[in-house]
Amino acid sequence: MSRRALRRLRGEQRGQEPLGPGALHFILRDDDDAEEGPKREPAGRRPRAAGKEGVRVNNRFELINIEDLEEGPVVNGERSDGQLTDSVVLGNKRRSQSGSVEPKKDGETTGKTSSPEQSNTSGKLRKKKKKQKNKKNSTGESSENGLEDIDRILERIEDNSGLTRPGPPPLSSKKHVLYVEHRHLNPDTELKRYFGARAVLGEQRPRQRQRIYPKCTWLTTPKSTWPRYTKPGLSMRLLESRKGLSWFAFEHSEEYQHTQHKFLAAVESMEPNNIVVLLQTSPYHVDSLLQLSDACRFQEDQEMARDLVERALYSMECAFHPLFSLTSGICRLDYRRPENRSFYLALYKQMSFLEKRGCPRTALEYCKLILSLEPDEDPLCMLLLVDHLALRARNYEYLIRLFQEWEAHRNLSQLPNFAFSVPLAYFLLSQQADLPEQELSSARDKASLLIQQALIMFPGVLIPLLEYCSVRPDAAVANHRFFGPDAEISQPPALSQLVSLYLGRSHFLWKEPATMNWLEENVREVLRTVDAGDPAVEACENRRKVLYQRAPRNIHRHVVLSEIKEAVAALPPDVTTQSVMGFDPLPPLDTIYSYVRPERLSPVNHGNTIALFFRSLLPNYTAEGERLEDGGAGGLNPNQGLNRLMLAVRDMMANFHFQDPELPREDHPEGDHPEGDGEWD
């Protein structure tokens, strides 16, 4: 206890008259006695324990500032440590019975009489503090023991169920391979790491004070230049939940469907201004924003194109279902539904803009998000791109982990991009100096083994890769039958398309001198293996002929979206001859339609050849079965249109004159051209 508290207990304060000796008592008891609880006598007084004295306090309001007396909780007007309320009541009763209290002349008498009691009291208070500390330590130890018991129970449950403990293992084993982090969806996070927060957020800080869009979004940041957001009629609903997965679908209201029909008519008109007019009335129509974004990109207006894609993403994110999560990895969107395709395409276009902007880590997160929406079908074939983004972002561990976990059931090594990117990731990982020497040598050996297997499986990749890197191959390699021109010509067309896609996208990753030296060493090792007659070489050749007969539709869709010239040139004729729309490239053949576009009477479709010829002569011509949409008195009578057509034909026929071939022609000498006889009779 502090000196101030002891001084207050002794009554040494000035200007206060001491009360009677029995006015107020406070009984200090040990913890053992306090735990027994209050015991009252029949007369209402509490019995005192032997050898324990009461503490006399001159002013009862001084008890408020004493910390030790306030520690016991008040329950129904009583305290556990000494029962303050009861003692106050008893003191009041004694004062009322005795009437007036005679004041003492000297304060020394009280001090002398209370000094031995105060010394005993201070000793007891110290003992009490020690006991309380020991009690707190015992409670802390009991809580720790309780936590240890809980951990032991969890360990037993995990051992019985065969689950792994989520504590000590590294971070990579905790998260799903397609786990998406919110902070990596924002490109500013990556730009801050490159250029600093002040350079990135310097111009954005004053704008954040005047925030118009209160809704927090993860995919985009709303801009003040956008139109005010109003719900366009786009929503999302939960279809079903099975096997731990939740299937969602976007829905269009009747108003949104009407806008969608106008958009399709504007696309058929082949006039971008019609889409601009539509966006003035419906500024958050997703397909219109995506289609106009492509038009701006073709006109080299990249900033406007990116802004339109971000606005489309914002419109779709505002329509999310409350249970739809971007990061959980258990939410699915069926690509067969046309309403869901807009979200896929908006994410892909945003990912492309981020990659061109120099944010490969953010683009990798968007790639994982697209792949997590439907990983089994992979409608946009993101497996052909995820390795490239992982290498550009220098996230080699993620690419290696994805290959190790999915190789068993997805056969990623049969794709040329994974067959060459994974050993390159191992090699680049072995070049890092912050890893132990044993791990570096292990990664180097693994990289050499995998690149040799890739060269044996896909020999037609080597010579084009060296040409892309402006490296002249050795004569022993260029003239060898395994890597020569026959290797590229003999591979199937589908395989040639995959190789062209990979080389057109990722060839610059191989231009480092150290990488080229490592590749040269393994090429010579492969040549020795081929010359030795290894049976694995013939097995890989037979596998190439069987596996790569025809590429599926999702690969063709990916090639169209990638816009890589070498890969687009390798598309089959049945894909290049059909019309490809930017808002829905190569739709699935088993599309699930929730609503059908109403049939529109088109004069071009419903007219025959003669009607088309007459309409080319007279645009106002209408056939007998055609009616104008306005109808009524405003429309033309079919007979009037036919009469006008006949008059036009008569005038045209009157101007035709046929020359008799039997009449002799007048020959004029060279340079002698008569003037004035150019008139037609």
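**Hairpin, helix faces and a few odd loops**

K243 sits out in the open: its relative accessible area is 82%, over the 50% cut-off, so the residue counts as exposed. This is a predicted model, and K243 belongs to the loop between strand 5 and strand 6. Below is a quick tour of that hairpin, two helices with a buried face, one buried asparagine, two loop residues and the cysteines.

**The hairpin around K243**

- Strand 5 (residues 234-242) and strand 6 (residues 245-252) run antiparallel and are joined by 8 bridges.
- One facing pair to look up is E240, which stands opposite W247 in strand 6.
- The hairpin leaves 2 residues between its strands, and K243 takes a positive phi there, near 55°.
- Most residues other than glycine have a negative phi.
- K243 is not a glycine, yet its phi is positive.

**Helix 5 and the glycine after it**

- Which residues of helix 5 (residues 187-195) are buried? They are P187, D188, E190 and L191.
- Looking down the axis of helix 5, you'd find these buried residues within an arc of 160°, so they line one face of the helix.
- That buried set is covered by neighbours including helix 6 (197-201), helix 12 and helix 13 (360-373).
- Right after helix 5 comes G196, with a positive phi near 95°.

**Helix 9 and its two sides**

- In helix 9 (residues 272-281), the buried residues are I275, L278 and L279.
- Seen down the axis of helix 9, they fall within an arc of 100°, so here too the buried residues line one face.
- What do the buried residues of helix 9 pack against? Their partners are helix 8 (254-268) and helix 10 (286-298).
- Flip to the face of helix 9 turned away from the buried side and you meet the exposed residues Q280 and T281.

**N340, a buried asparagine**

- N340 is part of helix 12 (residues 338-357), and helix 12 is also among the elements covering the buried residues of helix 5.
- Buried or exposed? N340 has a relative accessible area of 0%, which is under the 20% cut-off, so it is buried.
- The N340 side chain does have a polar partner: it reaches the backbone oxygen of D334 at 2.9 Å.
- Leaving aside residues up to four places away in sequence, N340 touches F248, A249, F250, L333 and D334.
- Strand 6 covers residues 245-252, so F248, A249 and F250 link N340 back to the hairpin.

**Two loop residues**

- N411 lies in the loop between helix 15 (396-410) and helix 16 (416-430).
- N411 has a positive phi of about 50°, although it is not a glycine.
- With 44% relative accessibility, N411 counts as partly exposed.
- A570 is placed in the loop between helix 25 (565-569) and helix 26 (573-576).
- A570 is partly exposed too, at 28% relative accessibility.
- How far apart are A570 and A494? They are 76 residues apart in sequence and 8.4 Å apart in space, C-alpha to C-alpha.

**Cysteines**

- A disulfide is a covalent bond between the sulfur atoms of two cysteines.
- How many disulfides does the structure hold? The count is 0.
- C367 is buried, with a relative accessible area of 0%.
- C381 also counts as buried, at 8% relative accessibility.

Conventions. Residues numbered from 1 in each chain as written. Predicted model: local features only at pLDDT ≥ 70, side-chain atom pairs only at ≥ 80, totals over all residues. Heavy atoms only, no water. Helix = DSSP H or I, 4+ residues; strand = E, 2+ residues; numbered from the N terminus. Buried < 20%, exposed > 50% of the residue type's maximum accessible area, 1.4 Å probe, protein only. Arc of directions from axis to C-beta. Contact = heavy atoms within 4.5 Å. Polar contact = N/O pair within 3.5 Å; in protein donor to acceptor, adjacent residues only side chain to side chain. Pairing = 2+ DSSP bridges. Disulfide = S-S within 2.5 Å.
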